[in-house]
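Here's a quick walk through some side-chain contacts and backbone details. Have the sequence and the model open while you read.

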Amino acid sequence: QVQLVESGGGLVQAGGSLRLSCAASRSISSLDVMGWYRQAPGKQRELVATITSGGSTNYADSVKGRFTISRDNAKNTVYLQMNSLKPEDTGVYYCKTRWYTYSAGWIDYWGQGTQVTVSS
């Protein structure tokens, strides 16, 4: 079982910055990949960024150059630094990882989400 708790969301003006945090209940070194997703009302949840245990990162085209995903293994925390925010970035941001069990295979785990609102 993996528990994830997001924090850091809020209301910012366009062009501003926020840093989201995702605290995991176990060592993130034991998790092969962690990611950030977001979902706007009436829209499908979309992948924003991922980071592997080896440090490789991946970003959605819409956030490349503006967002940075990073991790602090000592704190079991993954971050999403969001700069140059746009109204289109508004949505609920979720932290996600996966955990393998021999009985059930890969299982996805999601945080509760944190709201990000960018005003124009």
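The charged end of which residue sits over the ring of tyrosine 94? That would be arginine 45, placed 3.8 Å from the ring centre. Keep in mind throughout that we're looking at a predicted model. Arginine 45 has a second ring to deal with, too: this residue lies over the face of tryptophan 110, at 4.5 Å from the ring centre.

**Rings**

Those two rings also pair with each other. There are 4 aromatic pairs in the structure, and one of them joins tyrosine 94 and tryptophan 110 in an edge-to-face arrangement, 6.3 Å centre to centre with 85° between the planes. Tyrosine 94 belongs to strand β9 (residues 91–101) and tryptophan 110 to strand β10 (residues 105–110), so this contact ties together parts that are 16 residues apart in sequence. Is tyrosine 94 buried or exposed? Its relative accessibility is 14%, so it counts as buried. Tryptophan 110 comes out at 36% and therefore counts as partly exposed. Add Tyr37 and you have one aromatic cluster made of Tyr37, Tyr94 and Trp110.

Another edge-to-face pair brings together tyrosine 100 and tryptophan 106, this time with 5.4 Å between centres and 65° between the planes. Both partners count as partly exposed: tyrosine 100 has 38% relative accessibility, and tryptophan 106 has 47%.

**Salt bridges**

Now for the charges. The structure holds 6 salt bridges, including the ones in this table:

| Acidic partner | Basic partner | N to O distance |
|---|---|---|
| aspartate 32 | arginine 98 | 2.5 Å |
| aspartate 61 | lysine 64 | 3.0 Å |
| aspartate 89 | arginine 66 | 2.8 Å |

Where do aspartate 32 and arginine 98 lie? Aspartate 32 is in the loop between β3 (18–24) and β4 (33–39), while arginine 98 is in strand β9, and the pair links distant parts of the chain, 66 residues apart. Aspartate 32 is partly exposed at 24% relative accessible area, and arginine 98 is also counted as partly exposed, at 29%.

The bridge between lysine 64 and aspartate 61 has both of its residues exposed. Arginine 66 and aspartate 89, which bridge at 2.8 Å, sit in two loops: arginine 66 between β6 (57–59) and β7 (67–72), aspartate 89 between β8 (77–82) and β9, so their contact ties together parts that are 23 residues apart in sequence. Here both residues are buried. They aren't on their own, either, as Arg38, Glu46, Arg66 and Asp89 are linked in a network of salt bridges.

**Backbone oddities**

Finally, a look at phi. Which loop holds asparagine 76? It's the loop between β7 and β8, and the phi of asparagine 76 is near 50°, a positive value in a residue other than glycine. Serine 84 also has phi near 50°, again positive in a residue that isn't glycine. You'll find serine 84 in the loop between β8 and β9, and with a relative accessible area of 41% it is partly exposed.

Back to the start, then: arginine 45 has its charged end over the ring of tyrosine 94 and also lies over the face of tryptophan 110, and those two aromatics belong to one cluster with Tyr37.

Key
Residues are numbered from 1 along each chain as its sequence is written. This is a predicted model: local features need pLDDT of at least 70, side-chain atom pairs count only at pLDDT 80 or more; totals for chains, interfaces and linings use all residues. Side-chain values use heavy atoms; hydrogens and water are left out. Rings of Phe, Tyr and Trp (its six-membered ring) pair if their centres lie within 6.5 Å; planes under 30 degrees apart count as stacked, over 60 as edge-to-face and the rest as tilted. Helices (H or I, at least four residues) and strands (E, at least two) are DSSP runs, numbered from the N terminus. Buried means under 20% relative accessible area, exposed over 50%, partly exposed in between (1.4 Å probe, protein chains only). A charge sits over a ring if NZ of Lys or CZ of Arg is within 6 Å of the ring centre and within 35 degrees of the ring normal. A salt bridge is a side-chain nitrogen of Lys or Arg within 4 Å of a carboxyl oxygen of Asp or Glu.
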